Amino acid sequence: MSFVKLIDNEHNQSIKFIESLLSHEQEIRLKSFCFSLTKEELEGEIIDMLKRFLDEKCCPMFLSASLINLIKVRFLTEDLSGFALRQICEGDILEYDAAKLTSRLNEVVKNVSNDILLKRIQLYRHQHVRHYLISDFSIKNMRRNMEDRHIAFTDINTLFGLDEIDCSQSLFAVFDGHGGIDASNYAASHLLMKLKSSKFLLNNPSMALKEAVMQTDADFLSKCKREKLRCGSTAVVVLIQDQNLTVAWLGDSQVVLCKGGNAVQLMDPHRPDREDERQRIETLGGCVVYFNGWRVNGQLSVSRAIGDCDQKPFISSEPDVEEYELEGDEEFLILACDGLWDNVEPVEAVQLVNVCIKNGSRSSAAEQLVMLAKKNKSEDNITVLIVYLDVQEISSKIHS
């Protein structure tokens with residue numbers, strides 16, 4: 001078996017956290033961003049709700065994946081027919097009432113937590129785990145709405161009960177929405193589900209990430225058709241499996257690696273004025289024009305994205321993917337949307353984080369980068385996620 005009981009120190013911290021969760025001062029109130037959910041969307045939405053809730057409560061890293069797994073398995077084995085909202089004739093799709101499901105999920109969180117305290121169920125984690133320290137920070141800034149999302153899963157194996165996997169697996173991503181929040185919310189909830197289901201996950205992670213991104217887009221386009229949505233989202237996704245790092249991206253959100261103290265750009269963002277992107281768009285019959293920046297058909301300033309149903313195929317959903325072998329001198333990754341990169345150079349960003357490391361303030365590095373971008377006149381939503389590769393943490397989580 002690949003699962004082991006939490007060590008005494010981890011177990012004791014877990015019990016203290018769960019006791020605080022059930023205390024009278026705390027209120028368990030999860031939140032869904034959806035009105036309705038299909039059966040296929042349930043697991044991804046449940047994981048997203050639980051992860052956001054536990055992050056807000058500063059749940060220890062080693063506990064989060066185990067607790068989410070126990071809760072979602074308990075919930076998904078229940079009879080959910082009473083939460084059915086409607087049957088859509090097209091494709092025979094069954095939808096559930098998200099608000100009622102969320103209310104029931106609150107109760108399941110309490111029930112599972114009580115069962116842990118009463119020793120009716122045991123907490124386990126996968127034996128191959130690397131809990132990277134992270135620092136993350138987001139602001140709406142000068143925009144009317146916040147349309148960014150980001151995710152950080154350091155223990156995919158425990159999250160899904162992947163018994164026989166013999167390597168650690170972590171996933172980090174930033175999604176920069178435009179025209180609404182629905183596309184970035186959907187990607188944040190469901191891309192990991194598509195990745196987990198891929199037959200290529202272990203032997204061809206590049207193909208697995210590529211398929212996961214494109215399937216997320218295809219499923220979101222179906223949702224757009226049902227709910228008349230027109231928004232989209234860029235994406236930058238990093239999958240780490242032991243020493244293998246795979247990056248997939250759509251649009252102009254980017255990831256920069258600090259290796260040996262230096263900034264290394266791992267990707268070339270998709271913008272309409274990139275020559276190969278311009279040629280692809282024009283070959284398809286579209287155009288790239290300058291209107292307060294280069295835009296596809298005079299509208300979008302990115303050339304690849306999840307969603308944007310009315311701009312397909314000019315706005316492609318096919319990501320670029322690159323793989324890297326970590327050599328041991330990599331310090332950290334900075335994943336961020338264009339709200340940062342349009343106003344802060346990669347070298348400048350890496351230098352600032354290195355100063356934070358030197359000063360013992362790793363946890364505040366993401367916030368300092370966001371404030372630097374704002375100081376440099378960024379008016380966009382700004383999201384920064386820093387993953388420290390040189391330090392791992394089992395007993396606690398750095399969360400800015």
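This passage describes the salt bridges and internal cavities of a predicted model.

Salt bridges come to hand readily here, since a search of the whole structure returns 29 of them. In general, side chains of opposite charge can pair when their charged atoms come close. Three individual pairs and one network serve as illustrations below.

The pair E27 and R29 is a good place to begin. Their side chains form a salt bridge with an N to O distance of 2.5 Å. As for accessibility, E27 has a relative value of 49% and is classed as partly exposed. Its partner R29 has a relative accessible area of 60% and counts as exposed, because the cut-off for that class is over 50%.

A helical example comes next. R52 and D48 are joined by a salt bridge of 3.1 Å, again from N to O. Both residues belong to helix α2, which covers residues 42-56, and they sit four residues apart, about one turn of the helix. The two partners fall into separate accessibility classes: R52, at 21%, is partly exposed, whereas D48, at 4%, is buried.

A further salt bridge links D390 with R362, and the closest N and O atoms of this pair are 3.1 Å apart. D390 is part of strand β18 (residues 382-392), while R362 is found in the loop between α10 (346-358) and α11 (365-375), so the contact ties together parts that are 28 residues apart in sequence. Here D390 is partly exposed, with a relative accessibility of 39%. R362 has a value of 16% and is therefore buried, the limit for that class being under 20%.

Charged side chains also join in groups. E41, E95, K223, R226 and E227 are connected through a network of salt bridges.

Attention now turns to the interior spaces. The model contains three cavities of 30 Å³ or more, and the largest has a volume of about 150 Å³. Its lining is made up of 14 residues, with K51, M61, S64, A152 and T154 lying nearest the centre of the cavity. Elements that contribute two or more residues to this lining are α2, α3 (61-76) and β7 (148-153). Among the elements, α3 gives the most to the lining of the largest cavity, namely four residues. Sorted by class, the lining of the largest cavity holds eight nonpolar, two polar and four charged residues.

The second largest cavity has a volume of about 40 Å³. Lining this space are G44, I47, D48, F153, A188, S189, L192 and M193. Helices α2 and α6 (182-196) each provide at least two of the residues that line the second largest cavity, and α6 supplies the largest share, with four residues. By class, the lining of the second largest cavity comprises five nonpolar, two polar and one charged residues.

Helix α2 links the two themes of this passage. It carries the R52 and D48 salt bridge, and it is also one of the elements giving two or more residues to the lining of the largest cavity. For the second largest cavity, α2 again supplies at least two lining residues. D48 is a handy residue to follow in the structure: its side chain meets that of R52 in a salt bridge, it is buried at 4% relative accessibility, and it is one of the residues lining the second largest cavity.

Technical notes:
Residues are numbered from 1 along each chain as its sequence is written. This is a predicted model: local features need pLDDT of at least 70, side-chain atom pairs count only at pLDDT 80 or more; totals for chains, interfaces and linings use all residues. Side-chain values use heavy atoms; hydrogens and water are left out. A salt bridge is a side-chain nitrogen of Lys or Arg within 4 Å of a carboxyl oxygen of Asp or Glu. Buried means under 20% relative accessible area, exposed over 50%, partly exposed in between (1.4 Å probe, protein chains only). On a 1 Å grid over the protein atoms alone, a cavity is a set of points where a 1.4 Å probe fits but cannot get out, and a pocket is an open set with protein on both sides within 12 Å along at least five of seven lines; lining residues have an atom within 4 Å of a point. Grid points are joined across faces, edges and corners, and a volume is the space filled by probe spheres set on the points. Ala, Val, Leu, Ile, Met, Phe, Trp, Tyr, Cys and Pro count as nonpolar, Asp, Glu, Lys and Arg as charged, and the others, Gly among them, as polar.
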